[in-house]
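Visitor: I've got a model open and a few things to ask about it. Can you walk me through it?

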Amino acid sequence: MRVPDDLERVLISGEQLQARVAELAAELEAAYSEGDRPLLVCVLKGAFVFLADLVRHIEMPHEVDFMEVASYGSGTASSGVVRILLDLERNIQGRHVVIVEDIVDSGRTLTYIVRNLRTRGPASLRVCALLTKPARRECELDVDFVGFEIPDEFVVGYGLDYAQAYRNLPFIGVLKREAYSPSP
Ligand code: PRP
């Protein structure tokens with residue numbers, strides 16, 4: 001696919017993504033036994049592309065469910081005040097749950113989700129994130145499976161958006177600063 005003009009560069013190619021997602025699926029399968037039937041919780045919207053590729057590499061029995069949260073705040077940073085827009089269909093009590101996220105930035109969204117799901121009594125709760133930005137982390141948070149650690153740049157593609165655009169790109173790209181912060 002063509003690289004949009006608003007991108008400064010491609011950070012992670014489609015090939016790199018596919019290879020790492022396959023490895024993550026193997027890491028995930030190794031952490032569970034056949035009878036565990038882990039429940040993968042996709043945090044919408046950003047993680048839908050990652051989840052779709054991830055499950056196609058997982059051969060063990062598992063289920064998927066979806067949750068959508070919104071972080072109050074505007075622009076390029078989340079506020080940490082999180083609201084559930086769509087909750088899980090399944091009762092997760094006694095289940096082995098894996099939260100599947102596209103990116104951990106400040107960590108506030110994930111901290112909220114982990115706390116919330118813990119109150120529901122899962123047998124275990126792990127986190128699988130395609131991308132993390134360690135430089136931006138504000139919350140102490142364990143991410144069990146990490147795809148890539150990335151620098152503090154505004155990234156889009158492979159499910160990640162800017163103003164709802166670019167989710168369709170098969171690679172991760174860095175958005176040009178002028179695309180989200182117009183010069184005065
Ligand atoms: C993104 C991402 C995480 C969150 C990470 O979601 O999917 O949920 O931000 O930021 P944090 O670590 O600073 O909390 P976004 O609010 O952009 O919604 P979307 O997934 O629907 O695009």
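Guide: Sure, and keep in mind that this is a predicted model. A good place to start is Ser106, which is found in the loop between β5 and α3.

Visitor: Is Ser106 buried or exposed?
Guide: The cut-off for buried is under 20% relative accessible area. Ser106 comes in at 7% relative accessibility, so Ser106 counts as buried.

Visitor: Which backbone nitrogen does the side chain of Ser106 reach?
Guide: A polar contact needs a pair of N or O atoms within 3.5 Å. The side chain of Ser106 has a partner at 3.2 Å, and that partner is the backbone nitrogen of Arg108.

Visitor: On to the ligand: which element gives the most to the shell around it?
Guide: The shell holds 15 residues, with Ser106 and Gly107 among the closest. Two elements give two or more residues to that shell, β5 (96–104) and α3 (108–118). With 4 residues, the top contributor is β5.

Visitor: How do the shell residues divide into nonpolar, polar and charged?
Guide: Glu101 and Asp102 are among the closest residues, and both count as charged. The full split is 3 nonpolar, 5 polar and 7 charged.

Visitor: How far is an oxygen atom of the ligand from an N or O atom in the side chain of Thr109?
Guide: For context, the Arg167 side chain has an N or O atom 3.1 Å from a ligand oxygen, and for the Glu101 side chain that distance is 2.6 Å. For Thr109 the value is 2.4 Å.

Visitor: How much of the ligand's accessible area does the protein cover?
Guide: On its own, the ligand has 500 Å² of accessible area. The share of this that the protein covers is 81%.

Visitor: Now α1: within what arc do its buried residues fall?
Guide: This helix runs over residues 14–30 and reaches 24 Å from its first C-alpha to its last. Its buried residues are Leu17, Arg20, Val21, Leu24, Ala25 and Leu28. An α-helix has 3.6 residues a turn, so residues three or four places apart point the same way. Looking down the axis of α1, the buried residues line one face of the helix because they fall within an arc of 150°.

Visitor: Which residues on the other side of α1 are exposed?
Guide: Exposed means over 50% relative accessible area. On that other side, the exposed ones are Glu15 and Ala30.

Visitor: What about backbone oddities: which peptide bond is cis, with omega near 0°?
Guide: Most peptide bonds are trans. Look at Lys45, in the loop between β2 (39–44) and α2 (48–55). The cis bond is the one from Leu44 to Lys45.

Definitions and conventions:
Residues numbered from 1 in each chain as written. Predicted model: local features only at pLDDT ≥ 70, side-chain atom pairs only at ≥ 80, totals over all residues. Heavy atoms only, no water. Near = heavy atom within 4 Å. Polar contact = N/O pair within 3.5 Å; in protein donor to acceptor, adjacent residues only side chain to side chain. Areas by Shrake-Rupley, 256 points an atom, 1.4 Å probe, with all protein chains shown as cover. Expected span 1.5 Å × (residues − 1). Buried < 20%, exposed > 50% of the residue type's maximum accessible area, 1.4 Å probe, protein only. Arc of directions from axis to C-beta.
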